[in-house]
Amino acid sequence: AAAALAVAVVLRGSPAERAGLEVGDVIVQVNEQAVVTRDAAREALADAGAERPLRLTVRRGDRRLSVTLTAP
């Protein structure tokens, strides 16, 4: 099984940074779609497009957080 999608880098000033994503967060859901593999996460992110806000559910340690990325 492919590894889950962990955030490897957060660019300064990016939508991810503004949303509060941190390196090491593991993306478990994109909008309403659960993602269990890196490929599934990539597809969900591509399908979501850039014009609408993107709701991510991430696992950070033993907590689950919801963050919203808005278009630049």
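## The nonpolar core

In this predicted model, the largest nonpolar core is made of 15 residues, and those with the most contacts inside it are Leu21, Ile27, Val30, Val35, Leu54, Leu56 and Leu69. Four elements each supply at least two residues of this core: strand E2 (26-30), helix H2 (38-48), strand E4 (54-60) and strand E5 (63-69).

Leu54 is a good residue to click on if you want to see how these parts meet. Leaving aside residues up to four places away in sequence, Leu54 touches Val30, Asn31, Leu45, Ala48, Val67, Thr68 and Leu69. Val30 and Leu69 from that list are also among the residues with the most contacts inside the core.

## Strand E4 and its neighbours

Let's follow E4 next. Of its 7 residues, 5 are buried, so E4 is largely enclosed by the rest of the structure. E4 pairs with E5 in the antiparallel sense through 7 bridges, and with E2, also antiparallel, over 4 bridges.

Several residue pairs help you find the register. Towards E5, Arg55 stands opposite Thr68, while Arg59 stands opposite Arg64. Towards E2, Thr57 of E4 is the bridge partner of Gln29, and Val58 of E4 is that of Ile27. E4 and E5 form a hairpin with 2 residues between them, and Gly61 in the turn has a positive phi of about 65°.

## Strand E2 and its pairings

E2 has 4 of its 5 residues buried, so this strand too is largely enclosed by the rest of the structure. Besides its 4 bridges to E4, E2 pairs antiparallel with strand E1 (5-6) over 2 bridges, where Ala6 stands opposite Val26.

E2 also pairs in the antiparallel sense with E3, again over 2 bridges. Here Val30 stands opposite Gln33 of E3. The hairpin of E2 and E3 has 2 residues between the strands, and Asn31 takes a positive phi near 55° in it. Asn31 is also one of the residues that Leu54 touches.

## Helix H2 and its two faces

Helix H2 has a buried side made of Ala41, Ala44 and Ala48. Seen down the helix axis, these buried residues fall within an arc of 65°, so they line one face of H2. That fits a familiar rule: an α-helix has 3.6 residues a turn, so residues three or four places apart point the same way.

What does the buried side of H2 pack against? The buried residues of H2 pack against E1, E2, strand E3 (33-34) and E4. Ala48, one of these buried residues, is among the contacts of Leu54. On the face turned away from the buried side, H2 carries the exposed residues Glu43, Ala46 and Asp47. After H2 comes Gly49, whose phi is positive, near 75°.

## The largest pocket

How much space lies in the largest pocket? The answer is about 210 Å³. Helix H1 (15-19) and E4 are the elements that give two or more residues to its lining.

Which residues of the lining lie nearest the centre of the largest pocket? Of the 13 lining residues, they are Val7, Val9, Ala16, Leu21 and Leu69. Two of these names have come up before: Leu21 and Leu69 are among the residues with the most contacts inside the largest nonpolar core.

Note on methods:
Residues are numbered from 1 along each chain as its sequence is written. This is a predicted model: local features need pLDDT of at least 70, side-chain atom pairs count only at pLDDT 80 or more; totals for chains, interfaces and linings use all residues. Side-chain values use heavy atoms; hydrogens and water are left out. A nonpolar core is a set of buried Ala, Val, Leu, Ile, Met, Phe, Trp, Tyr and Cys residues joined through side-chain atoms within 4.5 Å. Buried means under 20% relative accessible area, exposed over 50%, partly exposed in between (1.4 Å probe, protein chains only). Contact means heavy atoms within 4.5 Å. Two strands pair if DSSP finds at least two bridges between them. The arc is that of the directions from the helix axis to the C-beta atoms. On a 1 Å grid over the protein atoms alone, a cavity is a set of points where a 1.4 Å probe fits but cannot get out, and a pocket is an open set with protein on both sides within 12 Å along at least five of seven lines; lining residues have an atom within 4 Å of a point. Grid points are joined across faces, edges and corners, and a volume is the space filled by probe spheres set on the points.
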